[in-house]
Amino acid sequence: MGESANQRDLEAGIQRDFSRSMSYGDYLRLDVLLAAQQPLSDPPQHDELLFIVQHQTSELWLKLMIHELRSARALLRSDDLSPALKRMARIKHIQHTLTDQWSVLATLTPSEYAEIRPFLATSSGFQSAQYREVEFLLGNKNADMVKVFSHDESARAALEELLHEPSLYDEFLAYLSRQGYAIPQRLLDRDWSQPHSTDDELVDVFAGVYAAPAEHWGVYETCEELVDVEDAFQQWRFRHLQVVQRTIGHKIGTGGSSGVDFLRRALSLTFFPELYEVRTRIGQ
């Protein structure tokens, strides 16, 4: 039978009966996923669904990012550099998607947000355990953050474990040491619960890499991938700041922070300081 105007007929081989077969919705558990949006506003506010979907989808992408970061870290630990770089490339695409999502939430005007804000109570994106996992995996360690999740044993335990484990950068430095690079021993046997701070001797090591990229190509490429990851993370932070500022101005955040000012201070945090400091050395 031919196709009618402006209609595509189903082909004979297309599956129609899912009484005993797995469907798309079955595989993705869409019954659970699409039932998870439960607005609380009373009377109902049109824009609350936007706010919920924005943050739920962000959490899904964060889940995938954690999966990829853990894998990249493990691959570096086993000296498998090439697949680790592939993981980092995927992480960057996830980060770009997360940053682009802010443009959707930015369509929420201050007046519209004011209608749903009371129903958020004390909940805040600051309380995202997965976001903190990403920060810890990248090296922004802060023991005080763990205390925020004392009400959630699973989240607290995951963060406590990550707090005392090497970050992605720590594993990269250990990889470099095994490859014969002169990584200071103090960086290999340190307290992993503390954030990494700039080390001048490590800058010297990277200066040698950047002075002769062709001789250190795998390491050079990894350095640039890490810079890409940090750059993308900073873009996310800045876009978050912008959206909050245009939506609530300088009000106190729902979680009790100072809001915009608190977010702005995060822009000064860095994961891989030597990879930025080395740029000052190049060409000198």
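This passage walks through the fold, the nonpolar core, the aromatic pairs and the salt bridges of the protein shown above.

The model is predicted. Its secondary structure comes to 13 helices and zero strands, so reading from the N terminus on, one meets α elements from start to end. The C-alpha atoms fill a box of roughly 65 × 55 × 40 Å along the principal axes. Of the 284 residues, 42% count as buried. The accessible surface comes to about 16000 Å², and 54% of that area belongs to carbon and sulfur atoms. Contacts also reach across the sequence: among those with a separation of 6 or more, 70% are between residues 24 or more positions apart.

A good place to begin is the interior. In soluble globular proteins, nonpolar side chains tend to be buried together. Here the largest nonpolar core has 70 residues, and the members that touch the most other members are Leu 138, Tyr 169, Phe 172, Leu 176, Ile 183 and Phe 206. Helix α11, which spans residues 217–248, gives this core its largest share, with eleven residues. Tyr 169 can serve as a guide to these surroundings. Leaving aside neighbours within four places in sequence, Tyr 169 is in contact with His 196, Leu 202, Phe 206, Leu 226, Phe 271, Phe 272, Glu 274 and Leu 275. Tyr 169 also belongs to an aromatic cluster, together with Trp 102, Tyr 131, Phe 233, Trp 236, Phe 271 and Phe 272.

Not every nonpolar side chain is hidden. Met 22, Tyr 24, Tyr 27 and Leu 28 form a nonpolar patch on the surface, and together they have about 540 Å² of accessible area. Tyr 24 sits in helix α1, made of residues 24–28. With a relative accessible area of 63%, Tyr 24 is exposed, because the cut-off for that class is over 50%.

The aromatic rings deserve a separate look. A pair of aromatic rings is described by the distance of the centres and the angle of the planes. The count in this protein comes to eleven aromatic pairs. In one of them, Phe 126 and Phe 262 meet edge-to-face, at 5.6 Å centre to centre and with 70° between the planes. This pair links distant parts of the chain, 136 residues apart: Phe 126 is in the loop between α5 (110–120) and α6 (129–138), whereas Phe 262 is in helix α12 (residues 260–266). Both rings are partly exposed, Phe 126 at 25% relative accessibility and Phe 262 at 30%. Trp 217 and Tyr 220 offer another example: their ring centres are 5.2 Å apart and their planes stand at 45°, so this pair is tilted. Trp 217 and Tyr 220 are separated by about one helical turn because they are three residues apart in helix α11.

Charged residues add another set of links. Side chains of opposite charge can pair when their charged atoms come close. The count of salt bridges comes to 19. Lys 92 forms one with Asp 228, where the closest N and O atoms are 2.9 Å apart. Lys 92 lies in helix α4 (residues 81–105) and Asp 228 in helix α11, so the bridge links parts of the chain 136 residues apart. Lys 92 is buried at a relative accessible area of 15%, whereas Asp 228 is partly exposed at 33%.

Helix α11 takes part in a further bridge, between Glu 135 and Arg 237, with the closest N and O atoms 3.3 Å apart. Here Glu 135 is in helix α6 and Arg 237 in helix α11, 102 residues apart. Glu 135 is buried, with a relative accessible area of 5%, and Arg 237 is buried at 4%.

Arg 186 and Asp 199 also form a salt bridge, with their closest N and O atoms 2.9 Å apart. Both lie in the loop between α9 (168–178) and α10 (200–211), so this pair ties together parts that are 13 residues apart in sequence. Arg 186 is partly exposed at 46%, whereas Asp 199 is buried at 8%. Bridges that share partners join Glu 68, Arg 87 and Arg 90 into one network.

Arg 73 completes the tour. Arg 73 is placed in helix α3 (residues 48–77) and is buried, with a relative accessible area of 6%. Beyond residues up to four places away in sequence, Arg 73 touches Leu 137, Leu 162, Glu 165, Pro 166, Ser 167, Leu 168 and Glu 171.

Terms used:
Residues are numbered from 1 along each chain as its sequence is written. This is a predicted model: local features need pLDDT of at least 70, side-chain atom pairs count only at pLDDT 80 or more; totals for chains, interfaces and linings use all residues. Side-chain values use heavy atoms; hydrogens and water are left out. Patches are made of residues with over 30% relative accessible area and no salt bridge: like charges are joined within 9 Å, nonpolar side chains (Val, Leu, Ile, Met, Phe, Trp, Tyr) within 5 Å. Accessible areas come from the Shrake-Rupley method with a 1.4 Å probe; for residues, only the protein chains shown count as cover. A salt bridge is a side-chain nitrogen of Lys or Arg within 4 Å of a carboxyl oxygen of Asp or Glu. Helices (H or I, at least four residues) and strands (E, at least two) are DSSP runs, numbered from the N terminus. Buried means under 20% relative accessible area, exposed over 50%, partly exposed in between (1.4 Å probe, protein chains only). A nonpolar core is a set of buried Ala, Val, Leu, Ile, Met, Phe, Trp, Tyr and Cys residues joined through side-chain atoms within 4.5 Å. Contact means heavy atoms within 4.5 Å. Rings of Phe, Tyr and Trp (its six-membered ring) pair if their centres lie within 6.5 Å; planes under 30 degrees apart count as stacked, over 60 as edge-to-face and the rest as tilted.
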